[in-house]
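The exercises below are meant to be worked with the sequence and the model open side by side. Try each task before reading its solution.

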Amino acid sequence: MKINLTATRPAHFPEYWPGQYDLFSHLEFACGIPHVLFVITTLKENGQPNACFHAWSSFSGDSGGYYAFMPGLSHGSHTYKNILRTGEFVINFIGPAYFDAASATIAENGDDMDEIAAGGFTAEPSVSVSCPRLKEAFLSLECRLEEDVALRASQGSNPSTIIVGRVVHIAAEEDYARGLDEKYGDSGFMMNLHAPKDLQTGEGKPSAVAVCKIVRINEAG
């Protein structure tokens, strides 16, 4: 038997923190779809580095370019404002060992603060954009803003958006640059399991972090 839910939040889905279902759809927690975690680096207007621990994104392209599609950036965030102002950002993939360091950048986010240093990370120059990337990242995507797509016109006090970035340069550590390698293991891509719910009880406060495990090799490519 399948459990069916609609776009209206069920009454038995509790709110665990104020504004939970303004910032995230209840279907986010109902579906429990994992997303890759990464750190977005940008530059604030005063030149200080900004770091944003983020997920909820996908990456795709064709012969015309490779693109990052990043939903979930609120209009009030430093990251969103920085991307609109400079047209540049870097997506930095880090392993689970850096989860606490990346989480520290969420709290240490003052206008005059170097958020890369606040998380204990090391900034290194990018090749194609002005904002720095993380030395600790095993893969960094240097991006230029392609499009800003509003998800909703005027709902809520801080509506979210989809940022579409064109990838103009990548940098990868050698151990994570050989196809089926270290990026698909314990020190590779870190997945966000965002408080998946029990659909019958509505409970589902804890979140979790996961990594990839290869279960089949497809020789067809």
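**Exercise 1.** In which loop does Trp56 lie?

*Solution.* This is a predicted model, in which local features need pLDDT of at least 70, side-chain atom pairs count only at pLDDT 80 or more, and totals for chains, interfaces and linings use all residues. Residues are numbered from 1 along each chain as its sequence is written, and side-chain values use heavy atoms, with hydrogens and water left out. Helices (H or I, at least four residues) and strands (E, at least two) are DSSP runs, numbered from the N terminus. Going along the chain, Trp56 is reached in the loop between β2 and β3 (58-62). The next step is to check the backbone: Trp56 has a positive phi of about 55°, although it is not a glycine.

**Exercise 2.** Describe the largest pocket by its volume, its lining and the elements that supply the lining.

*Solution.* Begin with the general idea that rolling a probe the size of a water molecule over the atoms shows where empty space is left. A pocket is, on a 1 Å grid over the protein atoms alone, an open set of points where a 1.4 Å probe fits, with protein on both sides within 12 Å along at least five of seven lines, and lining residues have an atom within 4 Å of a point. The largest pocket holds about 1100 Å³ of space. Its lining has 35 residues, of which Leu23, Phe24, His54, Trp56 and Gly72 are the closest to its centre. Next, sort the lining by element: β2 (49-54) and β4 (65-74) are among those that supply at least two residues each, and β2 gives the largest share, 5 residues. Finally, sort by chemistry, which yields 15 nonpolar, 16 polar and 4 charged residues.

**Exercise 3.** Which residue forms a salt bridge with Lys44, and which parts of the chain does the pair link?

*Solution.* A salt bridge is a side-chain nitrogen of Lys or Arg within 4 Å of a carboxyl oxygen of Asp or Glu, and the whole structure has 6 of them. Lys44 pairs with Glu115, the closest N and O atoms being 2.9 Å apart. The pair links distant parts of the chain, with Lys44 in the loop between β1 and β2 and Glu115 in helix α5 (residues 115-118), 71 residues apart. Both Lys44 and Glu115 are buried, where buried means under 20% relative accessible area, exposed over 50%, and partly exposed in between (1.4 Å probe, protein chains only).

For a contrast in setting, take Asp175 and Arg178, whose closest N and O atoms are 3.6 Å apart in a salt bridge. Asp175 is partly exposed because its relative accessible area is 45%, and Arg178 counts as exposed because its value is 54%. Elsewhere, salt bridges that share partners join Glu124, Arg133 and Glu142 into one network. Within this network Arg133 and Glu142 meet at 2.7 Å, N to O, and Arg133 and Glu142 are both buried.

**Exercise 4.** How many residues apart in sequence are Phe29 and Ala195, and is Ala195 buried or exposed?

*Solution.* First locate the two: Phe29 is in helix α2 (residues 26-31), and Ala195 is in the loop between β10 and β11. They are 166 residues apart in sequence, yet 5.9 Å apart in space, C-alpha to C-alpha. Phe29 is buried because its relative accessible area is 1%, and Ala195 counts as buried because its relative accessibility is 6%. Ala195 also has a positive phi, about 45°, although it is not a glycine.

Notes. Points joined across faces, edges and corners; volume = space filled by probe spheres on them. Nonpolar A, V, L, I, M, F, W, Y, C, P; charged D, E, K, R; others polar.
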